[in-house]
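Hi,

Here is the structure for you to look over. My notes on the helix packing and the ligand site follow it.

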Amino acid sequence: MTERTIDKRRIAESFGRAATTYDQAAAFQRTVGSNLLARLPKDYCPENTADLGCGTGYFTRELQRRYGRPVMGIDLAEGMLQFARNASPDCGPWVTADAEALPLRAGSQDLIFSSLALQWCSNLQIALSEAYNALRPGGYLAFNTLVEGSLGELRQAWERVDGFVHVNRFMPEAVLRELLARAGFSQCRCEIEQHVLHYAQLSELTRELKALGAHNVNPGRPGGLTGRARLRALTEAYEQFRGDKGLPATYQVAQIVLTKGAA
Ligand SMILES: C[S@@+](CC[C@H](N)C(=O)[O-])C[C@H]1O[C@@H](n2cnc3c(N)ncnc32)[C@H](O)[C@@H]1O
C-alpha cells in the first residue's frame with residue numbers, strides 16, 4: 001500500500017516558512033543531491049530540464065550551470081519558490097505545482113531531476129506516472145528518496161516516550177522497487193546509500209529538522225505542544241544510541257535513475 005493521507009497544505013506551509021533557514025541546515029541534502037547529479041549520464045545534454053521539489057533552487061542552479069540552458073524549478077511551497085526566484089533571477093521559470101499533478105505537456109522534458117522531495121508525496125506511483133508522461137522517449141527521471149530506516153533512532157525513541165507517530169513514515173525498499181518496476185520505464189538503476197549523521201545533543205537534530213521545514217505530517221502525530229517532561233523523556237530515550245561520535249541519525253537514501261524507452 002502506497003497511498004497515505006498527507007496534508008499538502010501543511011507541507012507547503014512548513015517548507016515555505018523554512019525557506020530562509022533551509023540552506024544553512026542543508027549540508028546532508030547537498031551531499032545526497034550531488035551524489036544523484038553524479039549518477040546522471042556524463043555525455044547527456046538535455047534541452048528541457050525540470051527540478052522537481054526544487055526548494056531554494058540550489059540544484060536548479062547546478063543543473064543550469066551544467067547544461068547551459070534554463071532549468072524549470074517546480075515546488076509545492078510558494079515560499080520556497082519566492083526565495084529561489086529572488087536568489088536566482090537568472091534561473092527558472094519557477095512554477096508552483098504538485099509532483100502528483102504536473103502542469104507539464106506530455107513528452108516535453110528531457111530530464112526530470114528531483115532530490116529529497118518525492119518522499120513527501122501521498123502516492124509515489126502517481127508522481128512516477130506524471131513524470132513518465134512529461135518525459136520524451138529517451139528522457140530520464142533521476143530522483144532520490146528516503147526509505148524505511150531513515151530517522152529510525154528518533155522514531156524508536158519517541159515510541160518509548162508515548163507511542164505516537166512523530167517521525168514521517170518512509171516506504172520499505174522492497175515496496176519502492178516494486179513501484180519502480182511497474183512504472184513503465186525501460187531501464188532502472190536503484191542504489192541504497194546509508195548516511196549516519198552525528199550530533200552532540202538531540203536538540204541539534206530537532207533544530208535542524210525544523211530549520212529544513214521537515215516536520216512530521218503523518219496522521220497520528222499528536223496535537224499541541226511538546227511538553228518539557230516529554231522532551232526530557234525523549235532526550236533520555238535517545239541516549240541509548242549514543243556512541244563514540246555522539247548521537248547518530250541514520251538516513252537510508254535510494255538513488256534512482258530511470259530511463260523512458262525510445263518510442
Ligand atoms: C527537503 S526539500 C529539498 C529541496 C531541494 N530539492 C534540495 O535538495 O535542496 C523538499 C522540497 O520538496 C517540496 N515538495 C514536497 N512535496 C512536494 C510535492 N508533492 N510536489 C512538489 N514539491 C514538493 C517541498 O516544498 C520542499 O521544497
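**Helix packing**

Helices α3 and α4 are roughly parallel to each other (angles under 35 degrees count as roughly parallel, over 145 as roughly antiparallel, 65 to 115 as roughly perpendicular, the rest as oblique). The model is predicted: local features need pLDDT of at least 70, side-chain atom pairs count only at pLDDT 80 or more, and totals for chains, interfaces and linings use all residues. Residues are numbered from 1 along each chain as its sequence is written, and side-chain values use heavy atoms, without hydrogens and water.

α3 spans residues 27–37 and α4 residues 58–67. Their axes lie 11 Å apart, at an angle of about 30 degrees (axes are lines fitted to C-alpha atoms over the stretch in contact; angles run from 0 to 180 degrees between N-to-C directions). Helices here are DSSP runs of H or I, at least four residues, numbered from the N terminus.

The second pair is α7 (residues 152–161) and α10 (residues 228–238). Their axes come within 8 Å and cross at roughly 125 degrees. That makes α7 oblique to α10.

**Ligand site**

The ligand has 20 residues around it (a heavy atom within 4 Å). G53, D75, D98, A99 and S115 come nearest.

Three polar contacts (N or O pairs within 3.5 Å) involve a nitrogen atom of the ligand. Polar backbone atoms are 2.8 Å away in G53 and 3.3 Å away in L76. In D98, a polar side-chain atom lies at 2.9 Å. The protein covers 98% of the 600 Å² of accessible area that the ligand has on its own (Shrake-Rupley method, 1.4 Å probe).

Best wishes

Methods. Polar contact = N/O pair within 3.5 Å; in protein donor to acceptor, adjacent residues only side chain to side chain. Helix = DSSP H or I, 4+ residues; strand = E, 2+ residues; numbered from the N terminus.
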